[in-house]
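Student: Please take me through one part of this model closely. Then set other parts beside it, and give the cut-offs as you go.

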Amino acid sequence: MFVKEEINVVLTKPLSLDGESNDDFRAPNILQRVLSLFKSVRPGTDVTRFKLPAIFNLPKSHLQCFGELVYCIGNDMLSKCNSLESPLERFTAVVAWSISMNRPPVFGSAPYNPVLGETHHVSRGNLNILLEQVSHHPPVTALHATDEKENIEIIWCQHPAPKFYGASVEAEVHGRRQLKLLNHNETYEMNSPKLCIRFLPVPGADWVGNVKIKCHETGLEAELFYKANPFIALRRNHRAVKGKINNSSSSKILFEIDGHWDRTVSLKDVNNGKSTIIYNAKEVLTGLKAPIVKDLEEMWPSESAAVWSEVSQYIMRQDWEKASEAKKAVEEKQRKLLRERESAGETWVPKHFTVTCNKERGWDCSSIKKVVPPAPIVVPL
């Protein structure tokens, strides 16, 4: 599918705390893009198959954005999860790490839909992360990350399902996220909040809905509720997160969670009323650096930053005509490969993951290899 040839790579900074990507990219006029979107879709449309014009795109793929949630972070929250002594302390740290994965989205701009077999392979210190697009329709992304020094493993299977509702688009992210602290024989399972993109009454994009986190080995569980309020008069409640931590065996509430995921989040002990800040977005999501290429010779042709490099270059120059042509060329290449497979009676199989799908559990994945190797792309520490 991907032929080894001269590889060009475009890597940009992750989204910062204020929702702007970086100096490499400035989105064009919002009103112009919104009006063109209304002309293209109807209420109730399944937008997983909708082809956005390049003027709506960020210069990166969804694959890269998912990876950035793990490797682009201001401090090493994963090591903290692993180093704490008590199960309750570790669980609280995992809750904070879960909150850190909510990044301010850019209204009116979306990443590219990854092509089938697209990969993204990045290292941050001892943590090696590998993503692969294991399905195109519906779009499903698998992620595997390992840190052999800390003995940590992450397995994700993500299936966003966006729907258009006239005045908004709501994307529910199906799939399971697992964090394994192998030194403690603990596995934490969690889901993702929904992404709500509003056109009316106030344009914007935010994370909303319920997130559940559970560790079966300790019986600890948490429930978080994300809320957005677009109205200026009620901004103090904007991007609020509230929740609780309890023991599943007794249902006794141990801690209450309250704050804002783009500011600070506090944990209140219900026994003594003492509050502690467990998450500070400014410390975690500011000053983030773009990944860099360490070894171009070892890079796979399927690397996301290479597959979309020409499109990204034109988007960063705001040359929308050439960006659209380059994007169409990437998509047409995939359609050609699909026709060739269908003509030969071949079925595409993921290279790095085993994937299953059933009505009860939906999409799930497991890595073919136990350990993710060091990557040719690294994140500066």
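Tutor: Two strands pair if DSSP finds at least two bridges between them. Strands themselves are DSSP runs of E with at least two residues, helices are runs of H or I with at least four residues, and both are numbered from the N terminus. This is a predicted model, in which local features need pLDDT of at least 70 and side-chain atom pairs count only at pLDDT 80 or more, while totals for chains, interfaces and linings use all residues. Residues are numbered from 1 along each chain as its sequence is written, and side-chain values use heavy atoms, leaving out hydrogens and water.

The part to study is strand 5, residues 140-147. Start with its partners. Strand 4 (residues 127-135) pairs with strand 5 in the antiparallel sense, over 8 bridges. One register point helps: Q133 stands opposite T141 of strand 5. The link between strand 4 and strand 5 is a hairpin of 4 residues.

Now the other partner. Strand 6 (residues 152-164) runs antiparallel to strand 5, and 7 bridges join them. Here L143 has W156 of strand 6 as its bridge partner. Strand 5 and strand 6 also form a hairpin, again with 4 residues between them. In that turn, N151 has a positive phi of about 60°.

Next, burial. Buried means under 20% relative accessible area, exposed means over 50%, and partly exposed lies in between (1.4 Å probe, protein chains only). In strand 5, 8 of 8 residues are buried. In a regular strand the side chains alternate between the two faces of the sheet. One side of strand 5 carries V140, A142, H144 and T146; the other carries T141, L143, A145 and D147. Both faces are covered.

Set strand 9 (residues 186-190) beside this. Of its 5 residues, 4 are buried, so strand 9 is largely enclosed by the rest of the structure. Strand 8 (residues 177-181) pairs with strand 9 in the antiparallel sense over 5 bridges. Q178 stands opposite E189 there. A hairpin with 4 residues between the strands connects strand 8 and strand 9, and N185 in its turn has a positive phi of about 55°. Strand 9 also pairs with strand 11 (residues 204-215), antiparallel, over 3 bridges. Y188 faces C215 across that pairing.

What of the helices? Helix 4 (residues 87-100) has 14 residues. From its first C-alpha to its last it reaches 20 Å, close to the 20 Å expected at 1.5 Å a residue. The expected span is 1.5 Å times one less than the number of residues. In helix 4, 11 of the 14 residues are buried. Among them are R90, F91, W97 and S100.

Helix 8 (residues 320-344) has 25 residues and reaches 36 Å, close to its expected 36 Å. An α-helix has 3.6 residues a turn, so residues three or four places apart point the same way. The buried residues of helix 8 include W320, A323, A326, K327, V330 and E331. Q334, L337 and R341 are buried too. This buried set packs against strand 1 (57-61), helix 6 (304-307) and helix 7 (309-317). Such contact means heavy atoms within 4.5 Å. Just after helix 8, G345 takes a positive phi of about 70°.
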